[in-house]
Protein chains: 2
Amino acid sequence: MSEGDADRVRDALLARFGESPPVDASLAGIDELARMAGHRTHRRYTERAVGADLVRLLCACALSAPSKSDLQQADIMIVSDPAKRDVIADLLPDQPHVRDAPVFLVFLANGRRFHDLFARRDRPFVNDHLDAFFNSTVDAALVLASFLRAAEAVGLGCCPISVIRDHAATVSALLDLPERVIPVSGLCLGWPADTPPITPRLGLDLTIHENRYDDGEIAARIAASDRRRAGRMPYRRQRDEARWGTAPDYGWSEDKARQYATPQRADFGAFVRGKGFRLD
Amino acid sequence: MSEGDADRVRDALLARFGESPPVDASLAGIDELARMAGHRTHRRYTERAVGADLVRLLCACALSAPSKSDLQQADIMIVSDPAKRDVIADLLPDQPHVRDAPVFLVFLANGRRFHDLFARRDRPFVNDHLDAFFNSTVDAALVLASFLRAAEAVGLGCCPISVIRDHAATVSALLDLPERVIPVSGLCLGWPADTPPITPRLGLDLTIHENRYDDGEIAARIAASDRRRAGRMPYRRQRDEARWGTAPDYGWSEDKARQYATPQRADFGAFVRGKGFRLD
């Protein structure tokens, strides 16, 4: 607990949201708040190895996260086989860190272990609907976020690789994922080689609500966030100018609208259903 | 960084998993690993208030979590209106902490903000399929887990209330959630009044895999986890003995099979679709 950590929290939140709630420097654990507020995605790593014991320690800490109804429907896959890593890296040529990171993990939603308890007892599985998919997905995300906190606590840097879902069937076959086990996200892990800037986010007036969802003047509020981001970290290039032209005020919302202007993962539902999850 | 923290990590992991990877006492941030490994669900709180500024600070730290494609599809609802809190507490009579906790929050998956960017630009939303639901759900879970880490860092205790999904439509109406915004989980927050024991979990041999999913001897391995749990923290009562009788070796797997022996949230898919998400 120190004034320095409180300053780090404030500075990071100002950079990210354009505002910071008051920070009490006497708070316990404020060094962890400073790491959280200062979170960056790290895509460049030093050559220093990350020991297998440390990876397992971080996994165990992450798997200590809460789990829906204690069903424990999240698993972690450590991809240490260079040949398997290469298959995934080859699928993602735009993300060289997938090949270069010292460690690569895949976080799994596991609806299988719980489902099979019933078969072994000769009892029907009467909850074979969206809930089974939803609960295991949420569990996997809780473990992923917790892993990230553990990794950043010890000084490691991470880059979640959600785009493995663009190749869900290939990744699933590569890792021998059985029925009702699906990849939610990959994760690159290593000792950071640089300190990227903090990416500005939408204002907290958009993402924190009190007692009722507030959608008022949404366009103006998003535009204000866009302008704040443009002032602090303008996009280096506009996506697909051949199609969309050059926008005079290119911000987060135009960038995201362009990024998702073409269909992506339209087959993900078919993959999930093919893995045995029902989405009714 | 201290030997004391390393011992806390080891002891907590031994209690939870029956094993601990080696812990290097010189690791930076090992106090955060100790808090993570020692995570408990807190359902009893002192009367000490949790200041509104502190709640907003924790929200801002949590909203600094990674977000799929930077789409920022998670929101936090602070339920400070006692009348609204009472409505939720009345729905959950088995969970008195929902009424008693100093603070109650609801974490939201928000597929709306991103979807509406397209309408405002007169462009079609060409990704209206499972991906939109999945991404916003995962974002909400990432923010929930991150909030929990922030809260525990400063000494607060939490209890996620996922069972609000049993009343998703009522909670949604209460909080004025519009189309494509759904509640993922509630959260009770307060200063802990006690230190519950660590709940044992499935062994790490079941939840950490390397290079390929390993389902071998699954029944025996789960049985071993059941025995370990029974030895350390036996269930105080068996669920629904009138229906299932008294099991000689009642463990996690029998408890969960009984807990989900009746349909739960079978209407959740209809609710989600009714909110405008497509699950194709």
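This is a short talk on some helices and aromatic rings in a two-chain structure, chains A and B.

Hi everyone, and thanks for coming. Before anything else, please keep in mind that what you see is a predicted model.

Let's begin with helix 6 of chain A, which covers residues 112–120. How many of its 9 residues are buried? The count is 7, so this helix is mostly covered, taking buried to mean under 20% relative accessible area. Those residues are Arg112(A), Arg113(A), Phe114(A), His115(A), Asp116(A), Leu117(A) and Phe118(A). And what covers them? From chain A, the cover includes strand 1 (74–78), strand 2 (103–110) and strand 4 (181–190). From chain B, it includes helix 9 (204–207), helix 10 (218–232) and helix 12. After helix 6 of chain A comes Asp122(A), where phi is positive, near 55°.

Now to the rings. Across all chains, a search of the whole structure turns up 20 aromatic pairs. One pair is Phe114(A) with Tyr260(B): the ring centres are 5.1 Å apart and the planes stand at 85°, which makes the pair edge-to-face because that angle is over 60 degrees. This pair crosses between chains. Phe114(A) belongs to helix 6 of chain A, while Tyr260(B) sits in the loop between helix 12 (252–259) and helix 13 (268–274) of chain B. Are these two residues buried or exposed? Phe114(A) has 4% relative accessibility and counts as buried, and Tyr260(B), at 2%, counts as buried too.

Next, have a look at Phe118(A) and Phe125(A). Their ring centres lie 5.2 Å apart with the planes at 65°, so this pair is edge-to-face as well. Phe118(A) is buried at 1% relative accessible area, and Phe125(A) counts as buried at 16%.

There is also a cluster to find on your screens. Ring pairs link Phe133(A), Phe268(A), Phe271(A) and Phe277(A) with Phe134(B).

Some rings have a charge over them. Which residue lies over the face of Trp244(A)? That is Arg123(B), at 4.1 Å from the ring centre. In chain B, the charged end of Arg165(B) sits over the ring of Phe268(B), 5.9 Å from its centre.

Let's move on to two helices that meet across the chains. Helix 12 of chain A (residues 252–259) and helix 6 of chain B (residues 112–120) have axes that come within 10 Å and cross at roughly 85°. That angle falls in the range of 65 to 115, so the two helices are roughly perpendicular to each other. Where they meet, helix 12 of chain A brings Trp252(A), Ser253(A), Lys256(A) and Ala257(A). Helix 6 of chain B brings Phe114(B), Leu117(B) and Phe118(B). By class, this contact has 5 nonpolar, 1 polar and 1 charged residues.

Another covered helix is helix 3 of chain B, residues 52–62, with 8 of its 11 residues buried. Among them are Leu54(B), Val55(B), Cys59(B) and Cys61(B).

Finally, here is a residue with a good deal of its surface open: Asp100(A), in helix 5 (residues 97–100) of chain A, counts as exposed at 56% relative accessibility. How far is Asp100(A) from Ala15(A) in space, C-alpha to C-alpha? The distance is 29 Å, and the two are 85 residues apart in sequence.

That's my tour. Thank you for listening!

How values were computed
Residues are numbered from 1 along each chain as its sequence is written. Chains are lettered from A and ligands numbered from 1 in the order in which they are written. This is a predicted model: local features need pLDDT of at least 70, side-chain atom pairs count only at pLDDT 80 or more; totals for chains, interfaces and linings use all residues. Side-chain values use heavy atoms; hydrogens and water are left out. Buried means under 20% relative accessible area, exposed over 50%, partly exposed in between (1.4 Å probe, protein chains only). Helices (H or I, at least four residues) and strands (E, at least two) are DSSP runs, numbered from the N terminus. Rings of Phe, Tyr and Trp (its six-membered ring) pair if their centres lie within 6.5 Å; planes under 30 degrees apart count as stacked, over 60 as edge-to-face and the rest as tilted. A charge sits over a ring if NZ of Lys or CZ of Arg is within 6 Å of the ring centre and within 35 degrees of the ring normal. Axes are lines fitted to C-alpha atoms, for helices over the stretch in contact, and angles run from 0 to 180 degrees between N-to-C directions. Angles under 35 degrees count as roughly parallel, over 145 as roughly antiparallel, 65 to 115 as roughly perpendicular and the rest as oblique. Contact means heavy atoms within 4.5 Å. Ala, Val, Leu, Ile, Met, Phe, Trp, Tyr, Cys and Pro count as nonpolar, Asp, Glu, Lys and Arg as charged, and the others, Gly among them, as polar.
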